[in-house]
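Thanks, everyone, for making the time this morning. I would like to walk you through one structure, taking it a region at a time, and you can follow along on the screen.

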Amino acid sequence: MELIRGLHNLRPHHRGCVGTVGAFDGVHRGHQALFDSLIETGRELNLPTVAICFEPLPREYFFPSDSPARLMSFREKFVALQALGLDRVLRIRFTDTFRAMRAEEFIKQVFVDGLGIRHIVVGDDLRFGAGRKGDANVLRAAGKDFGFAVEDTASVVSGDERISSSRIRNCLEQADFSTAEELLGRPFSLTGKVVYGRQLGRTLGVPTANMEMHRFRAPLDGVYAVEVPINGRLHRGVANVGTRPTIGDRTTAILEVHLLDYSGNLYGKTIDVVFKHRLRNEQKFDSIEVLRNTIHNDIAQCRSWFGIE
């Protein structure tokens with residue numbers, strides 16, 4: 001799958017396609033249904049498929065510290081879209097220019113002049129352009145002028161309730177991983193590259209893999225029993241997600257994972273952490289010694305939950 005980094009990188013061969021636009025946070029079953037329709041239309045018209053995404057997400061641009069926690073980093077989203085079979089992703093940097101752009105201007109600049117789009121598939125909650133005034137009706141009116149078709153997709157429902165990114169966030173906040181998996185169509189996981197941390201875990205006798213999160217906040221926090229596939233083998237472990245309050249780092253979300261009975265070197269590797277069960281909430285400790293004892297208790301609970309001797 002091709003990643004097009006910005007409108008300025010569009011080339012003549014990118015013109016003529018079927019596409020969609022949205023945040024697609026989580027690439028959940030509702031999104032997957034939309035992309036199934038997009039890919040089917042692409043095959044019928046013999047045209048490539050393209051998903052248009054903004055980075056940062058508009059809500060992160062407007063309210064960086066108060067925006068909803070991301071279910072996915074852009075890299076995780078790209079990998080998920082690639083697995084669905086899309087041909088291209090057009091990533092547009094969200095700036096003041098796009099913030100002020102009217103929906104009609106966006107359609108002309110991106111869909112018409114940039115992509116020469118032939119068919120657009122949209123979700124029923126699509127809003128775009130200044131003041132969020134763009135929707136499917138605005139697209140249809142433009143389609144009549146510029147010669148592209150617009151297709152609505154209905155919401156996908158699970159348990160008499162619409163599948164949405166916000167619903168999945170609520171499930172994760174409650175550690176309801178079974179429902180989150182049903183809505184996502186796969187187990188919830190966080191993916192990141194293992195980097196050097198402060199080496200505190202080693203001084204406590206519990207070495208951890210510290211992972212880059214690439215987001216302001218994670219959609220869950222606390223201590224969890226997790227599974228991590230490495231080189232075709234499934235490893236169990238304890239993960240801490242939060243802001244490391246005992247140490248005082250409150251600037252970005254952190255993910256630390258201690259793998260049970262593992263001695264390999266993970267530095268520089270990108271790993272997936274699959275969340276299975278909440279052990280406890282994140283908390284601040286009065287001393288490093290209390291922290292050490294609590295971590296060892298977390299490990300014992302994790303072993304017990306997985307049934308590991």
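Let me begin with the second largest cavity, whose lining is made up of Glu60, Pro64, Ser65, Ser67, Pro68, Ala69, Arg70, Arg215, Phe216 and Arg217. Please keep in mind throughout that this is a predicted model, and that everything I quote is computed from it. Sorted by character, the lining of this second largest cavity comprises four nonpolar, two polar and four charged residues, and its volume comes to about 50 Å³. How many cavities of 30 Å³ or more are there? The count, by the rule applied here, is two.

Let me turn now to the strands, where six of them form a closed barrel in the order 9-10-13-12-11-14, with antiparallel pairing. From one strand to the next, the twist averages 45 degrees. Helix 10, which covers residues 288-306, packs on this sheet and touches strand 11 (222-230), strand 12 (233-242), strand 13 (254-259) and strand 14, and the direction of helix 10 makes about 95 degrees with that of strand 14.

If we look at the pairing in detail, strand 9, residues 189-195, is joined to strand 14, residues 270-280, by five bridges in the antiparallel sense, and within strand 14 it is Ile271 that stands opposite Gly192. Strand 9 also runs antiparallel to strand 10, residues 209-211, with two bridges between them, and here Val195 has Asn210 of strand 10 as its bridge partner.

The last region I want to show is helix 5, residues 103-114, and the question I would put to it is which of its residues are buried. They are Ala103, Phe106, Ile107, Val110, Phe111, Val112 and Gly114. As for what these buried residues of helix 5 pack against, the partners are strand 2 (17-21), strand 3 (49-55), strand 4 (88-93) and strand 5 (117-123), together with helix 4 (96-100) and helix 6 (136-146). After helix 5 comes Gly116, and the phi of Gly116 is positive, near 55 degrees.

That is the tour, and I am happy to go back to any of these regions.

Definitions and conventions
Residues are numbered from 1 along each chain as its sequence is written. This is a predicted model: local features need pLDDT of at least 70, side-chain atom pairs count only at pLDDT 80 or more; totals for chains, interfaces and linings use all residues. Side-chain values use heavy atoms; hydrogens and water are left out. Two strands pair if DSSP finds at least two bridges between them. Helices (H or I, at least four residues) and strands (E, at least two) are DSSP runs, numbered from the N terminus. Buried means under 20% relative accessible area, exposed over 50%, partly exposed in between (1.4 Å probe, protein chains only). Contact means heavy atoms within 4.5 Å. On a 1 Å grid over the protein atoms alone, a cavity is a set of points where a 1.4 Å probe fits but cannot get out, and a pocket is an open set with protein on both sides within 12 Å along at least five of seven lines; lining residues have an atom within 4 Å of a point. Grid points are joined across faces, edges and corners, and a volume is the space filled by probe spheres set on the points. Ala, Val, Leu, Ile, Met, Phe, Trp, Tyr, Cys and Pro count as nonpolar, Asp, Glu, Lys and Arg as charged, and the others, Gly among them, as polar. Axes are lines fitted to C-alpha atoms, for helices over the stretch in contact, and angles run from 0 to 180 degrees between N-to-C directions.
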